[in-house]
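Hi everyone, thanks for coming. I'd like to walk you through a structure that you may not have seen before, so let's put it up on the screen.

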Amino acid sequence: MANLEVLVNELPTLIQSLKLTIGDSNQITEQIILINNAQEQLRNLKKLIAQEFKFDHIKNSAIATLPRIGTVASLFIPSVGLVDPAIAEKFGHSETQISLTDLQSKIDAWIEWGYFLQAIAADILSDVQLVNQLNSDINHFSITANFQVIAESLNINLGFSNFNILERQIQTINNSQNELLQLQQKLNYIFDTIKNSHSLLNILLGVSAFYGKSGFALEWLDDDHELIISSDGKFQELTDILNDCDFFQEQITVLIIQADTLREQAEEALKKLDQESNKEAIISQKLEIVPKFSTQKIVRSALIIASSLLILDFGGWKIKEQSPQLQQINLSLTQEGSAIANFKSAQKLGMEAASLVQNPPHPLQVWQQAQNKWHQAIILLDSIPNETSVSEQAKKKLAYYRINYKSISQRVLIEKKALANLESAQKLAIEANFFVQI
């Protein structure tokens with residue numbers, strides 16, 4: 001019994017080594033050796049338990065005339081410290097007395113888990129392309145870290161009074177928004193890979209892309225046989241990772257819109273600074289010109305005015321001759337006014353859409369309202385002719401608004417799928433309840 005108790009005391013260390021950290025191929029090879037050693041010790045423990053049962057049987061046979069009470073020995077499994085609830089079942093209940101029969105059953109489960117990890121490790125090492133991808137992932141930020149870096153880069157106090165600072169800040173905003181779009185695409189890949197793959201190795205590729213430099217380990221299977229994964233001391237099921245993908249998609253949508261709003265403010269401030277600079281230049285020029293007026297120039301101006309008065313005698317003929325030009329001018333003025341009106345309306349719709357999706361989560365209807373507003377804004381901007389004064393601004397905003405519309409449309413699609421899944425689950429529950437009552 002003494003040797004048995006020694007091995008039981010070593011159980012926490014053995015069980016903790018029964019995990020597979022996915023990352024560098026050399027580390028995976030080393031872990032296979034550790035798992036083998038743990039399994040060997042578990043098998044030794046199993047033999048000792050069998051011997052204990054045999055001894056107990058012989059002892060009870062010798063005193064068969066006595067009543068058989070409490071003949072099966074029991075032990076305490078030592079505490080392993082604080083254990084996350086997600087993997088509590090893996091360790092059993094610490095400092096709780098356990099019968100040798102139950103301990104035998106647990107040992108079988110641990111040894112089986114070791115075989116499972118070894119099989120996964122062998123599959124990974126035999127796939128060169130998979131190994132290369134895993135090695136590449138550990139050189140990149142995790143989704144969480146990547147999102148935090150981008151969010152911090154958009155925590156900008158605009159330098160409204162400094163032209164050069166504003167230009168640099170606009171560039172930073174543009175870069176951050178591009179990074180958000182790339183992160184959004186990566187999240188789509190991770191979500192689809194984990195949810196739709198039938199191969200565990202493919203699923204691990206999605207998980208690897210999610211955790212990046214943080215790395216991850218396969219810890220255990222829960223009661224529903226769903227894989228439990230650890231990273232940076234946090235334990236998650238695959239479903240939790242999918243939920244995190246949804247969460248980050250929402251936050252990215254909000255950040256993209258916030259970035260768009262920031263850029264609009266910065267561009268407006270730049271425009272004002274430019275206008276003020278032009279006004280100062282004009283005033284400066286006028287101050288230089290006024291003192292140089294002379295009597296000769298005044299006389300010349302009077303002659304020009306007199307010549308103009310003579311031309312008025314032929315006014316009726318001139319007006320008739322220029323009427324097509326005047327019509328063209330009137331048409332241009334109408335087009336210009338319409339373009340400016342459309343531009344302002346599009347801006348207003350964009351601001352309303354951005355305001356709608358602040359502080360998610362939101363119901364599907366809210367995301368759809370924002371989507372419609374971005375769509376209307378895009379139509380208005382797209383209708384602005386090239387020859388109008390706001391055409392360049394409209395083109396810039398059109399590019400950003402299309403990004404926002406695409407992002408919102410993805411969010412709407414995710415929400416529709418979630419709603420459809422919920423309705424399907426409710427329908428199945430109602431049908432199940434109906435059949436139970438029959």
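I'll start with the overall picture, then go through the cores, the salt bridges and a cavity.

One thing up front: this is a predicted model. The protein has 438 residues, and 37% of them count as buried. As for secondary structure, we have 14 helices and six strands. Now look at the contacts between residues at least 6 apart in sequence: 71% of those join residues at least 24 apart. On the outside, the protein exposes about 26100 Å², with carbon and sulfur atoms supplying 56% of that area.

Okay, on to the inside. As general background, nonpolar side chains in soluble globular proteins tend to be buried together. Here, the largest nonpolar core has 78 residues. Which of them touch the most other members? Those are Leu11, Trp110, Ile124, Val207, Leu218 and Ile229. If you're wondering which helix gives the most to this core, it's H10, residues 238–289, with 14 residues. Apart from this core there's another one, of 22 residues, and Phe343, Ala353, Leu381 and Ile408 are among them.

Let's zoom in on Leu218 for a moment. Leaving out residues up to four places away in sequence, Leu218 touches a whole list of others, including Trp113, Leu117, Ile120 and Leu204. Lys19 is on that list too, as are Leu227, Ile228 and Ile229.

And Lys19 takes us nicely to charges. Lys19, Lys90 and Glu219 are linked in a network of salt bridges. How many salt bridges does the structure hold? Twelve.

I picked out a few of them. First up, Arg43 and Glu40: their side chains meet in a salt bridge, at 3.4 Å from N to O. Both lie in helix H3, residues 25–62, and they're three residues apart, so about one turn of the helix. Is Arg43 buried, exposed or partly exposed? At 28% relative accessibility, Arg43 counts as partly exposed. Glu40 is partly exposed as well, with a relative accessible area of 39%.

Now for something with a longer reach along the chain. The side chains of Glu250 and Arg411 meet in a salt bridge, 3.9 Å from N to O. Glu250 sits in helix H10 and Arg411 in helix H14, residues 391–437, so this pair ties together parts that are 161 residues apart in sequence. Both Glu250 and Arg411 are buried.

Arg411 has another partner, too. Glu415 forms a salt bridge with Arg411, and there the closest N and O atoms are 3.0 Å apart. Those two are four residues apart in helix H14, which means about one helical turn separates them. Glu415 is buried, just like Arg411.

Last stop: empty space. Rolling a probe the size of a water molecule over the atoms shows where some is left. What does a search of the whole structure find at 30 Å³ or more? One cavity. The largest cavity holds about 30 Å³ of space. Its lining includes Ile257, Asp260, Thr261 and Glu264, and also Gly350, Met351 and Trp374. H10 and helix H12, residues 315–356, each supply at least two lining residues. H10 gives the most to that lining, with four residues.

So if you take one helix home, take H10: it gives the most to the largest core, it carries Glu250, and it gives the most to the lining of the largest cavity. Thanks, and I'm happy to go back to any of the views.

Conventions: Residues numbered from 1 in each chain as written. Predicted model: local features only at pLDDT ≥ 70, side-chain atom pairs only at ≥ 80, totals over all residues. Heavy atoms only, no water. Core = buried A, V, L, I, M, F, W, Y, C linked by side-chain atoms within 4.5 Å. Buried < 20%, exposed > 50% of the residue type's maximum accessible area, 1.4 Å probe, protein only. Contact = heavy atoms within 4.5 Å. Areas by Shrake-Rupley, 256 points an atom, 1.4 Å probe, with all protein chains shown as cover. Salt bridge = Lys/Arg side-chain N within 4 Å of Asp/Glu carboxyl O. 1 Å grid on protein atoms, 1.4 Å probe; cavity = no way out; pocket = protein on both sides within 12 Å on 5 of 7 lines; lining within 4 Å. Points joined across faces, edges and corners; volume = space filled by probe spheres on them.
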